Amino acid sequence: MSAAAPDVARLKALVGEAALAYVPPGSVVGVGTGSTVNAFIDALARAKHVIAGAVSSSQASSERLRGHGIPVIDANDVETLQVYIDGADEIDASGCMIKGGGAALTREKIVADLAQRFVCIADGSKLVDVLGRFPLPVEVIPMAAAQVARRFVALGGRPALRAGVVTDNGGQILDVHGLAITDPAALEAEINQWPGVVSVGIFARNRANVCLLGTAAGVRTLTFTPDAAQAGVEVA
Ligand SMILES: O=C(CO)[C@H](O)[C@H](O)COP(=O)(O)O
């Protein structure tokens, strides 16, 4: 690594720590998946006595939470969560995201959908103008993988099966290269209609309300208006 290269692990630790300010005392916290979330879980461990527990989006996060002595609560046992904290592979200026680089997109969307507020934590490189440079992850029922892949080819995408990966739900992941996602909500709704798709890694309906971006200058906070067509508003 050159001296000028950003220390991404440090940026992830920074936003993981900053996300603690969004955790209401006494609450059950929705917890995502990935290396940035791991930094959040490690920070949360120090606050574990002021929360009631966590609903987790993956076996990996559940193991890490339990390892810190944080109770993991079944998603079926909560009606709503005040906050969900998760990372992203890309986020745009309206808070729409690509997620699923860690293959946990389906459970992430389920837990996000329980939450009143989605706080995205990411290093600054994840902020993009248009989603799609990161290959779009799509979880599929294995018998539909080829059929769904053909639909993506018809859209101009280049789908690739993620070799050797089986999700926590027994699904497979297609990573779709070459899509410029100019209307995330419309594409998410369209792909959700395709038989065999378990979930698509476009988070437009469940987009972020707040994003904490780790930068060399510190944590940059973006808040997003309810109208996805408008740009995020930087408040700090
Ligand atoms: O969607 C995800 C996992 O399915 C992650 O949030 C996303 O891949 C970001 O991961 P990281 O924090 O390791 O960069």
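Which residues of S6 are buried on one side, and which on the other? Phe118, Cys120 and Ala122 are buried on one side. Val119, Ile121 and Asp123 are buried on the other. Both faces of the strand are therefore covered. The model behind this report is predicted.

## Overall build

The chain holds six helices and 14 strands. Its radius of gyration is 17 Å, close to the 18 Å that the globule rule gives for 236 residues, so the chain is as compact as a globular protein of that length. The C-alpha trace spans about 50 × 40 × 40 Å along its principal axes.

Buried residues account for 45% of the 236 residues. Contacts reach far along the sequence. Among those between residues at least 6 apart, 71% join residues at least 24 apart.

## Strand S6 and its partners

S6 covers residues 118–123. Six of its six residues are buried, so the strand is largely enclosed by the rest of the structure. In a regular strand the side chains alternate between the two faces of the sheet. The split seen in S6 has Phe118, Cys120 and Ala122 on one side, with Val119, Ile121 and Asp123 on the other.

S6 pairs with strand S3, residues 84–86, in the parallel sense. Three bridges link S3 and S6. One bridge puts Tyr84 opposite Phe118 of S6. S6 also runs parallel to strand S12, residues 210–215, and five bridges join these two. Here Ala122 has Leu213 of S12 as its bridge partner. Both Phe118 and Ala122 belong to the buried set on one side of S6.

## A three-stranded open sheet

Another sheet is open and has three strands, in the order S4-S5-S11. Its pairing is antiparallel. Strand S4 (90–91) and strand S11 (202–203) stand at the edges. Each has a single partner strand, so one side of each is left without a neighbour in the sheet.

S4 is joined to strand S5, residues 97–98, by two bridges. These two strands run antiparallel. Glu90 has Ile98 of S5 as its bridge partner.

## Two domains

The domain assignment divides the chain into domain 1 (8–128 + 205–234) and domain 2 (136–199). Domain 1 thus comes in two segments, by that assignment. The C-alpha centres of the two domains lie 23 Å apart.

Where they meet, 14 residues of domain 1 are in contact with 13 residues of domain 2. Helix H4, residues 105–114, gives the most to the domain 1 side, with four residues. That side is made up of six nonpolar, five polar and three charged residues.

## Helix H4

Seven of the ten residues of H4 are buried, so the helix is largely enclosed by the rest of the structure. The buried residues are Leu105, Thr106, Arg107, Glu108, Lys109, Val111 and Ala112. Among them are the charged side chains of Arg107, Glu108 and Lys109.

## The ligand shell

Which residues are closest to the ligand? They are Gly34, Thr36, Gly87, Gly101 and Gly102, from a shell of 17 residues. Helix H2 (35–44) and H4 are the elements that give two or more residues to this shell. H4 therefore appears both here and on the side of domain 1 that touches domain 2, while being largely enclosed.

By class, the ligand shell has four nonpolar, nine polar and four charged residues.

How values were computed: Residues are numbered from 1 along each chain as its sequence is written. This is a predicted model: local features need pLDDT of at least 70, side-chain atom pairs count only at pLDDT 80 or more; totals for chains, interfaces and linings use all residues. A residue is buried if 20 or more other C-beta atoms lie within 10 Å of its own, exposed if 12 or fewer, and partly exposed in between; C-beta atoms are placed from the backbone. Two strands pair if DSSP finds at least two bridges between them. Domain bounds come from an automatic or database domain assignment. Two residues are in contact if their C-beta atoms, placed from the backbone, lie within 7 Å. A residue is near a molecule or strand if its C-beta atom, placed from the backbone, lies within 6 Å of it. The radius of gyration is taken over C-alpha atoms; the globule rule is 2.2 Å times the number of residues to the power 0.38.
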